[in-house]
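The exercises below ask the reader to work through one structure, step by step, with the sequence and the model in view. Each task is followed by its solution.

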Amino acid sequence: MSHHTIDLTEVLYTYPDGTTALRNLSLHIGHGEAVAIVGSNGSGKTTLLSHLNGVLFPSSGIVNIGGYPVTKQTLTQIRRTVGMVFQNPDDQLFMPTVYDDVAFGPLNLGLPPIDVEKRVTAALKTVGALELRNRPPYRLSGGQKRAVAIATVLAMEPAILVMDEPTAALDPLARRQLINLLRTFTHTKIIATHDLDMVLDLCERTIILCNGTILMDGPTIDIFHDKKLLDQAGLEQPSSMQSCPICSKLG
Ligand SMILES: Nc1ncnc2c1ncn2[C@@H]1O[C@H](COP(=O)(O)OP(=O)(O)OP(=O)(O)O)[C@@H](O)[C@H]1O
Ligand SMILES: [Mg+2]
């Protein structure tokens, strides 16, 4: 898989209880793009991301990663290519210590212990969580869990990084550090988020989901200037683009 592209063709997904969360959705994401998936609660962001590494398979339609369809047969290869940070870190952390959690993926790749150790240390350092390495993950704070969950994915050195609400529960400093880190990740990035200021910082392209369909797909800057469109999608302009209410009163 030399080209880290993502293609969805007419993807429809209905949960077992009959809720249809994606409605014939098609999109192409090219190698090296940084794309934000935004939309109000329940618009289908997590369901869409769950299709990118085979957590869910489409009820109909096709998902292709690097030209390979995501199927049960290609799952091992797909999961090596696509690193997924889940919305809820508790879905990602299940080992007795932080170290074991971050080492789990590289060990499964069959890497020698010395390389596993290097990767774990580097990933934990990157997210500023090295000092947590001997702690049980279930005793960490929400933000610490999030940082460790991101480290478990970075340790796999994925070609495509998929993140669901990566800045949720992070304090301002940790959020800024994560944004700086993500900027250095030059492979393909897909980020579902309500943090539109981060999107402005990181993603040149934005896809707005609304009720399981694509309401708009285009340059972030154009989309964020379109207040009517944002309103329609139940979104607000990033705070950095809004005029300061105190200054405008003074003016
Ligand atoms: N396990 C499930 N079973 C049934 N319906 C579900 C399930 N998970 C999500 N849904 C429904 O699918 C739709 C899309 O949900 P999804 O979690 O993808 O939204 P989201 O955009 O990620 O929302 P949020 O911003 O709150 O994270 C919603 O109507 C939701 O109620
Ligand atoms: Mg979600």
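**Exercise 1. Helix H5**

How many residues does H5 have, and how far does it reach from its first C-alpha to its last?

*Solution.* Before counting, note that this is a predicted model, in which local features need pLDDT of at least 70 and side-chain atom pairs count only at pLDDT 80 or more, while totals for chains, interfaces and linings use all residues. Residues are numbered from 1 along each chain as its sequence is written, chains are lettered from A and ligands numbered from 1 in the order in which they are written, and side-chain values use heavy atoms, with hydrogens and water left out.

Step 1: helices are DSSP runs of H or I with at least four residues, strands are runs of E with at least two, and both are numbered from the N terminus. Step 2: H5 has 13 residues and reaches 19 Å, close to the 18 Å expected at 1.5 Å a residue, where the expected span is 1.5 Å times one less than the number of residues. Step 3: buried means under 20% relative accessible area, exposed over 50%, and partly exposed in between, with a 1.4 Å probe and protein chains only. By that rule 11 of the 13 residues of H5 are buried, including Lys145, Arg146 and Ile150.

**Exercise 2. Helix H6**

Find which residues of H6 are buried and which are exposed on its other side.

*Solution.* Step 1: the buried residues are Leu178, Ile179, Leu181 and Leu182. They lie on the same side of H6 because they cover an arc of only 165° around the axis, the arc being that of the directions from the helix axis to the C-beta atoms. Step 2: Pro172, Leu173 and Thr184 are exposed on the other side of H6.

**Exercise 3. The two pockets**

Describe the volume and the lining of the largest pocket and of the second largest pocket.

*Solution.* Step 1: on a 1 Å grid over the protein atoms alone, a pocket is an open set of points where a 1.4 Å probe fits, with protein on both sides within 12 Å along at least five of seven lines, and lining residues have an atom within 4 Å of a point. Grid points are joined across faces, edges and corners, and a volume is the space filled by probe spheres set on the points.

Step 2: the largest pocket holds about 620 Å³ of space, and among its 20 lining residues Asn53, Arg79, Phe104, Gly105 and Met156 are the closest to its centre. H3 gives the largest share of this lining, 5 residues.

Step 3: the second largest pocket has about 320 Å³ and 19 lining residues, with Val127, Gly143, Ala147, Leu170 and Ala174 nearest its centre. H5 and H6 each give two or more residues to this lining, and the largest share, 5 residues, comes from H6.

**Exercise 4. The magnesium ion**

Which protein atoms are the donors of the magnesium ion (ligand 2)?

*Solution.* Step 1: donors are N, O and S atoms within 2.8 Å of the metal (3.2 Å for Na, K and Ca), and sites may look incomplete because water is not among the atoms. Step 2: the protein donors are Thr46 (OG1) and Gln87 (OE1), at 2.0 to 2.3 Å from the ion. Step 3: Thr46 lies in H1 and Gln87 in the loop between S6 and H3, 41 residues apart, which links distant parts of the chain. Thr46 is partly exposed at 31% relative accessible area, and Gln87 is also partly exposed, at 39%.
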